[in-house]
Amino acid sequence: MLALRMRETRPWESRVLTDLLNRYGGVGTYLGFDLVAIFVMTYVLYFRRHWRADLLLSYVALNIGIFVTMSLLTQVRVDIATGFGLFAILSIIRLRSSAVTQQEVAYYFLALVLGLVNGMGVPDRGLVVAMNVVLLLTMFAVDSRALRIRAQRMDVRLDGVYTNEAALVAELERKLGGRVAYQEITEIDLIHGHMLIDVRLRPAQGVIEPPRLKLHDHSANGATAAPGSEPAVHGETAAGSSFGGRHDNEVRHGG
């Protein structure tokens with residue numbers, strides 16, 4: 001009698017399992033694609049290069065959220081207004097942290113696109129896999145270390161106001177230990193006697209020499225001394241040097 005009941009229940013369980021696979025098997029497959037892609041992006045490409053574990057949660061949460069939203073939109077019939085309303089809610093999220101670099105913003109965008117591509121339920125699964133591979137390979141090539149070490153961007157604050165571009169470039173290269181490929185003055189503070197420069201630097205081999213502990217003539221190479229400072233003696237220009245060896249130059253790396 002027990003064997004007969006088991007034979008009667010097995011066809012019913014088989015039908016339920018078949019129905020579940022037919023209904024949700026496609027979503028599960030695309031979810032697997034998305035999980036593999038977001039793992040490769042967050043850990044293999046991002047974390048092993050930039051070493052910021054705090055952003056992994058943001059990338060994964062954004063990707064999974066977009067995937068679930070798109071999966072629901074493809075399974076449930078909604079009008080265009082509802083679809084735009086859902087994405088308007090997602091657009092409320094802003095990247096307000098000043099510590100996020102442009103490279104990390106690019107990873108945010110990639111996490112969003114991966115969620116969209118995998119969540120749309122495109123019938124051609126081979127095309128979906130190909131799009132994932134293209135996106136990941138593009139980020140792998142563009143964010144490679146070989147490309148990043150060729151040029152660095154940083155915001156540099158120098159004491160003294162330079163009016164001679166050659167003197168400014170020479171001082172930046174001396175202090176930063178590299179070759180300046182591009183520089184642009186973004187701020188000049190005549191009251192405190194310093195300037196802020198956007199620098200694109202090609203790093204060079206060797207160690208940066210510390211500033212010399214002596215006064216320099218700012219007028220020799222086109223630099224103006226800070227207001228209230230003592231008269232400069234003759235010699236080469238080196239913005240940022242002062243009595244007692246205090247060094248007030250600031251260097252901020254940017255993305």
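Lys175 is buried, with a relative accessible area of 15%. This residue belongs to a predicted model of a protein with seven helices and six strands. The briefing starts from Lys175 and its partner, then turns to the overall architecture, one helix pair, the remaining salt bridges and individual residues.

**Lys175 and helix α7**

- Lys175 is located in helix α7, and its 15% relative accessibility falls under the 20% limit, so the residue counts as buried.
- A salt bridge links the side chains of Lys175 and Glu171, with an N to O distance of 3.2 Å.
- Both partners lie in helix α7 (residues 165–176); because they are four residues apart, about one helical turn separates Lys175 from Glu171.
- Glu171 is likewise buried, at 3% relative accessibility.
- Between the C-alpha atoms of Lys175 and Leu158 the separation is 10.0 Å, the two residues being 17 apart along the chain.

**Overall architecture**

- Read from the N terminus, the order of elements is α-α-α-α-α-α-β-β-α-β-β-β-β.
- The protein has 255 residues, of which 29% count as buried.
- Taking contacts between residues at least 6 apart in sequence, 67% join residues at least 24 apart.
- The exposed area of the protein is about 16500 Å², and carbon and sulfur atoms supply 62% of this area.

**Packing of helices α4 and α5**

- Two packed helices are described by the angle between their axes and the distance between the axes.
- For helix α4 (residues 102–119) and helix α5 (residues 125–142), the angle is about 175° and the axes are 10 Å apart.
- Angles over 145 degrees count as roughly antiparallel, and α4 and α5 are therefore roughly antiparallel to each other.
- On the α4 side, the contact is made by Ala106, Tyr107, Leu110, Val113, Leu114, Val117 and Asn118.
- On the α5 side, the contributing residues are Val128, Met131, Asn132, Leu135, Leu136 and Met139.
- Classified by residue type, the contact of α4 with α5 comprises eleven nonpolar, two polar and no charged residues.

**Salt bridges beyond helix α7**

- Side chains of opposite charge can pair when their charged atoms come close.
- The count of salt bridges comes to six.
- Arg49 forms a salt bridge with Asp143, and the closest N and O atoms of this pair are 3.9 Å apart.
- Arg49 belongs to helix α1, whereas Asp143 sits in the loop between α5 and α6 (145–148), so this pair ties together parts that are 94 residues apart in sequence.
- Asp143 is buried, at 4% relative accessibility.
- Asp198 and Arg200 also meet through their side chains in a salt bridge, at 2.8 Å from N to O.
- Within that pair, Asp198 counts as buried at 7% relative accessibility, while Arg200 is partly exposed with a relative accessible area of 33%.
- Arg52, Asp54 and Glu104 are joined into one network by salt bridges that share partners.

**Surroundings of Glu104**

- Glu104 is part of helix α4.
- The relative accessible area of Glu104 is 4%, so this residue is buried.
- With neighbours within four places in sequence left aside, Glu104 is in contact with Tyr46, Arg52, Leu55, Tyr59 and Ala99.
- Arg52 thus appears both among the contacts of Glu104 and in the salt-bridge network that includes Glu104.

**Strand β1 and Arg153**

- Arg153 lies in strand β1 (residues 152–159).
- With 26% relative accessibility, Arg153 counts as partly exposed.
- The C-alpha atoms of Arg153 and Arg200 are separated by 4.6 Å, although the two residues are 47 apart along the chain.
- Arg200 is the residue that also forms a salt bridge with Asp198.

**Backbone at Trp51**

- Trp51 has a phi near 55°, which is a positive value in a residue other than glycine.
- The position of Trp51 is in the loop between α1 (2–50) and α2 (54–75).
- Trp51 is exposed, at 59% relative accessibility.

Note on methods. Residues numbered from 1 in each chain as written. Predicted model: local features only at pLDDT ≥ 70, side-chain atom pairs only at ≥ 80, totals over all residues. Heavy atoms only, no water. Helix = DSSP H or I, 4+ residues; strand = E, 2+ residues; numbered from the N terminus. Buried < 20%, exposed > 50% of the residue type's maximum accessible area, 1.4 Å probe, protein only. Contact = heavy atoms within 4.5 Å. Areas by Shrake-Rupley, 256 points an atom, 1.4 Å probe, with all protein chains shown as cover. Axes fitted to C-alpha atoms, helices over the stretch in contact; angles between N-to-C directions. Parallel < 35°, antiparallel > 145°, perpendicular 65-115°, else oblique. Nonpolar A, V, L, I, M, F, W, Y, C, P; charged D, E, K, R; others polar. Salt bridge = Lys/Arg side-chain N within 4 Å of Asp/Glu carboxyl O.
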